Amino acid sequence: LRTQLRLDIELAATKRLKSKHKKTKAKIVLSMLQTGELFGEDSKKVCEDFVTSSARAIMKAWKLQKAIDTGASGGLNYGAVESIRKIVEELGHYERGILPSSAVIQREAAARWYPSVKAWSSFETI
């Protein structure tokens with residue numbers, strides 16, 4: 001099923017965009033998936049979930065803690081992380097965004113230095 005779907009998309013893109021490069025074809029198909037033009041609202045939701053999970057994989061709490069620790073003084077701190085979360089991500093109360101909260105970052109740092117403290121990533125989800 002997945003292979004057939006891929007072939008259908010490639011065939012449609014090839015016919016419509018014969019003179020375009022593969023990179024351009026991929027961008028057009030991706031934008032159609034993101035807007036829901038290709039497979040409706042389901043494709044839009046899947047794309048949003050994929051982008052969010054990919055960004056969360058990159059923006060890990062320990063990486064942000066490393067940036068705080070190794071950055072120039074007055075550079076990045078916990079307050080700056082919270083400001084970015086509030087202003088850029090426009091999160092409401094109890095909403096989860098791409099960036100981890102300063103509490104999660106501090107917990108990760110404590111877990112690295114004090115092994116008896118559990119890191120956020122080690123908690124089991126229910």
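1. A nonpolar core here means a set of buried Ala, Val, Leu, Ile, Met, Phe, Trp, Tyr and Cys residues joined through side-chain atoms within 4.5 Å. Keep that in mind for the points on the core. Note also that this is a predicted model.

2. Start with the overall layout. The protein chain has 6 helices and 0 strands. Read from the N terminus, the order of elements is α-α-α-α-α-α.

3. Next, burial and surface. The protein chain has 126 residues, and 21% of them count as buried. Its accessible surface is about 10,200 Å². Carbon and sulfur atoms hold 59% of that surface.

4. Now contacts along the sequence. Take the contacts in the protein chain with a separation of 6 or more. Of these, 35% join residues 24 or more positions apart.

5. Which residues make up the largest nonpolar core? There are 7 in all: Ala-61, Leu-64, Ile-68, Val-81, Leu-99, Val-104 and Ile-105. Two helices, H4 (61-70) and H6 (102-113), each supply at least two residues of this core. H4 gives the most, with 3 residues.

6. Ile-105 deserves a look of its own. This core residue touches Ala-61, Leu-64, Gln-65, Ile-68, Tyr-78, Val-81 and Pro-100, leaving out residues up to four places away in sequence. Among these partners, Ala-61, Leu-64, Ile-68 and Val-81 also belong to the core.

7. How do H4 and H6 lie relative to each other: roughly parallel or roughly perpendicular? Their axes come within 8 Å and cross at roughly 85°. Angles of 65 to 115 degrees count as roughly perpendicular. The two helices are therefore roughly perpendicular to each other.

8. The meeting of these helices can be listed residue by residue. From H4 come Ala-61, Trp-62, Leu-64, Gln-65 and Ile-68. From H6 come Val-104, Ile-105, Gln-106, Glu-108, Ala-109 and Arg-112. Core members appear in both lists, including Leu-64 and Val-104.

9. Away from that pair, look at Ser-43. Its place is in helix H3, residues 41-58. Is Ser-43 buried or exposed? Its relative accessible area is 8%. Buried means under 20%, so Ser-43 is buried.

10. What does the side chain of Ser-43 reach? It reaches the backbone oxygen of Leu-33, at 3.1 Å. Setting aside neighbours within four places in sequence, Ser-43 is in contact with Leu-33 and Gly-36. Leu-33 thus appears in both descriptions of Ser-43.

Key:
Residues are numbered from 1 along each chain as its sequence is written. This is a predicted model: local features need pLDDT of at least 70, side-chain atom pairs count only at pLDDT 80 or more; totals for chains, interfaces and linings use all residues. Side-chain values use heavy atoms; hydrogens and water are left out. Helices (H or I, at least four residues) and strands (E, at least two) are DSSP runs, numbered from the N terminus. Buried means under 20% relative accessible area, exposed over 50%, partly exposed in between (1.4 Å probe, protein chains only). Contact means heavy atoms within 4.5 Å. Accessible areas come from the Shrake-Rupley method with a 1.4 Å probe; for residues, only the protein chains shown count as cover. A polar contact is a pair of N or O atoms within 3.5 Å; within protein, one must be able to donate a hydrogen and the other to accept it, and residues adjacent in sequence count only if both atoms are side-chain atoms. Axes are lines fitted to C-alpha atoms, for helices over the stretch in contact, and angles run from 0 to 180 degrees between N-to-C directions. Angles under 35 degrees count as roughly parallel, over 145 as roughly antiparallel, 65 to 115 as roughly perpendicular and the rest as oblique.
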